[in-house]
Amino acid sequence: SSFNNQNVANTAWAFAKLGIKNEILMGAFARRILRGHSLSTFNAQDIANIVWAFATLGIRLDDFLEAITKRLQSGLLSTFNSQDIANTAWGFATLEVRKEGLMKDIARRCLQDGFLATFSSQALANTAWAFAELGIRNDLLMQGIGDHIVQYGLLSSFNAHNIATTAWAFASLGVQHHKLMTGIMKQMRQTAFLTCFNAQDLANVVWAFATLEIKNASLLAVIVKHVMQPHVLTTLDVQALSSISWSFAALDIQDERAMQTLGTSIVDTSLLQTLPPKSLADVSWAFATVAVHHEQLMNAVARRITEIDFVSTCSSQDIGNIVWAFAKLGVRDAGPMAAVAQHLLQPGVLSSCGAQIVANVAWAFAELGFKSDFLMTCIATCALQPGFLLACTADSVARITWAFATLEIQHPQLMQAFSQRIVQKGFLSTFQASDLCDVAWSFAKLGIRDEMLMSSIADQAMTDECLAVFTAVDLSRITWALASLNISHDSLMTAIAKLIVVKEVLATFTPQDMATVLWAFTVNVQNKQLTTAAVV
C-alpha cells in the first residue's frame with residue numbers, strides 16, 4: 001500500500017523482465033491499482049508497462065483488464081508514445097483479450113499525422129502482429145504501416161523476427177501490400193539473411209507467402225534448399241514442419257525429395273499426435289496436393305483419426321480435407337474412413353457441412369471403393385435440402401453424381417434435382433471439360449436417360465473451350481455416355497471425330513479408350529474416317 005504508481009509499474013515490469021511468475025504478487029498489484037480511484041492517476045508509460053508485464057507472465061485477470069480498457073478509452077491513449085501503444089496492443093493480443101473498441105482507438109492513434117514515424121521496427125511489427133493475432137482487420141492501419149515501412153526504407157533495419165512477424169500479420173489478415181512483400185523478398189535474398197530465422201519465424205514467413213499467393217521461384221528455391229539442410233530440419237518442431245509442408249504445397253513447389261524429407265521429419269518427431277486437427281488436415285492436404293505418398297506419414301495420420309473421439313474435434317473442413325487426401329493418395333484404410341462415416345452420421349453433422357465438403361466426402365468414399373448406403377442416403381438427403389444445390393459449384397455437382405454412379409447407388413430424386421440444376425441458364429458454362437464428361441458418364445452409368453440434360457451437355461462440350469482441352473479419357477467417357485443412352489448428337493460426334501483425326505489425339509488413346517470410342521461411333525455415327533485412323 002506504500003507503493004506509488006511508478007513503484008507498482010516498475011516492480012511488475014521487473015518481475016516480468018526476469019521471467020519470475022508470482023501470481024499472488026501480481027494479483028496484489030492488480031488490487032492495489034484498482035483500489036479507489038488509483039487507476040485514474042496512472043500515466044501512459046505506467047499502464048503500458050503493467051499491461052506488458054501481465055502479458056509477458058501470462059497472467060490474465062479479466063476484471064483488471066476491463067478497468068484498464070476503460071481507463072485507456074477515457075482519453076489517455078492520446079498521451080501514449082509509440083512504444084506505449086505497441087506494448088499495450090501486444091499485451092492485449094498476447095492475453096487474447098479482444099477489445100474491438102480499444103483496438104480501433106489504438107489504430108486511430110497510430111494514424112495521426114506523423115505518429116507512425118516515431119515507431120521502431122519492433123514496435124511496427126508488434127503492432128501489426130497484435131491486430132492479426134486478435135483477428136481485427138483495420139485496412140487503413142495495415143496499409144499505413146506498410147506504406148511507412150516501404151516509404152522510409154525501414155526493412156533494412158528489420159531483423160528476421162520482425163520480418164516474419166510483419167509478413168505473418170499481413171497474411172493472417174488477408175491484407176495485400178505488394179511493395180512491402182516485394183521488399184521483404186528482397187531483404188530475404190540478402191547474403192546469409194535466411195540463417196537468422198529461427199524455426200517458427202521461418203515457418204511463419206513461408207506460410208505468409210503461401211497465404212498471400214506470392215510465388216517467387218528464385219527465392220522459393222533458396223528457401224527449400226535452406227530448409228532441407230540437416231541443421232535446419234532438426235530445429236523445426238512438428239508444428240513448424242506441418243506448416244512448411246502446407247506452404248510448399250500451396251505454393252505449388254514440385255519437389256518430391258523435399259516433401260519426402262519433411263514427411264520423414266514429421267514422423268521422426270513422434271509428436272504427430274500433438275498436432276491439432278487443422279494442422280493434421282493441412283499436412284494430409286499438402287502431400288495429396290503435390291501427389292507425394294509418404295506411407296509412414298499417412299499411416300500415422302490414419303492411426304490418429306481412429307483415436308477415440310478425435311474426429312469429433314475436427315471441423316467439417318478438416319474432415320473434407322483429410323478424406324480427400326486419402327482418396328487422392330489411394331490410402332485404402334477402412335479404419336479412418338469408418339470413423340469419419342460414423343461421425344458424419346451423427347445428427348446435424350452432415351447438414352452443417354458446405355456443398356464442397358459434402359462433395360469431397362462423397363467423391364473420396366467412391367474413389368476408395370468404400371460403399372456405405374446409409375452415408376450416401378444421408379448425403380442425398382443433405383443435397384436435397386433448400387439452398388444446397390444453388391451453393392454447388394460445377395465441380396461439386398460432378399463429384400457427387402460421379403460418386404453415386406461409381407458406387408452404383410440409385411437415387412432418382414437426387415439425380416433429377418441435379419439435372420434441373422445443371423440445365424439452369426448459365427450454369428453449364430461454368431463446367432470444366434472433365435466435369436461435363438463425369439456428369440454425362442454418371443447419368444449413363446446409372447441408366448438415366450435424360451435427353452434434355454445430355455443434349456445440353458453435348459452443346460456445351462462443342463464449345464472451343466471444351467474441345468481444346470478434352471483428354472482421351474474425357475472423349476471416351478462422353479461418347480460412351482451418349483451411345484449407352486442411345487442419344488444421338490451428330491454435331492458433337494462429328495466435332496470429336498475431327499478432333500481425334502486432325503489433331504492426332506488418337507495417339508494418346510489407351511486400347512480401352514480406343515475401343516470405347518469406336519464402339520460409341522458404331523452405335524451413333526458411321527464415321528469411316530475415324531475408323532480408318534484407328535486401324536492405322
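## Two helix pairs

Let's start with a crossing: α23 passes α24 in a left-handed manner. This comes from a predicted model, so please read the geometry below in that light. Helix α23 covers residues 394–406 and helix α24 covers residues 412–422; their axes come within 11 Å and cross at roughly 150°. Angles over 145 degrees count as roughly antiparallel, and α23 is therefore roughly antiparallel to α24.

Further along the chain is another pair to look at, formed by helix α28 (residues 472–484) and helix α29 (residues 490–502). These two pack with their axes 12 Å apart, at an angle of about 150°, so α28 and α29 are roughly antiparallel to each other. The crossing of α28 and α29 is left-handed.

## An enclosed cavity

If you are interested in internal space, the structure holds one cavity of 30 Å³ or more. The largest cavity has a volume of about 30 Å³.

Its lining is made up of I305, F310, V311, C314, I319, I322 and V340. By residue class, the lining of the largest cavity splits into seven nonpolar residues, with no polar and no charged ones.

## The annotated domain

Finally, a word on annotation. An unreviewed UniProt entry places the feature "domain: RNA-editing substrate-binding complex 6 protein" at residues 5–267. In the model, the span of residues 5–267 is 67% helix and 0% strand, and the C-alpha atoms at its ends lie 52 Å apart.

Definitions and conventions:
Residues are numbered from 1 along each chain as its sequence is written. This is a predicted model: local features need pLDDT of at least 70, side-chain atom pairs count only at pLDDT 80 or more; totals for chains, interfaces and linings use all residues. Side-chain values use heavy atoms; hydrogens and water are left out. UniProt positions are given in the numbering used here, feature names are shortened, and annotations may be inferred rather than shown by experiment. Helices (H or I, at least four residues) and strands (E, at least two) are DSSP runs, numbered from the N terminus. On a 1 Å grid over the protein atoms alone, a cavity is a set of points where a 1.4 Å probe fits but cannot get out, and a pocket is an open set with protein on both sides within 12 Å along at least five of seven lines; lining residues have an atom within 4 Å of a point. Grid points are joined across faces, edges and corners, and a volume is the space filled by probe spheres set on the points. Ala, Val, Leu, Ile, Met, Phe, Trp, Tyr, Cys and Pro count as nonpolar, Asp, Glu, Lys and Arg as charged, and the others, Gly among them, as polar. Axes are lines fitted to C-alpha atoms, for helices over the stretch in contact, and angles run from 0 to 180 degrees between N-to-C directions. Angles under 35 degrees count as roughly parallel, over 145 as roughly antiparallel, 65 to 115 as roughly perpendicular and the rest as oblique. A crossing is left-handed if the near helix is turned anticlockwise from the far one by less than a right angle, and right-handed if clockwise.
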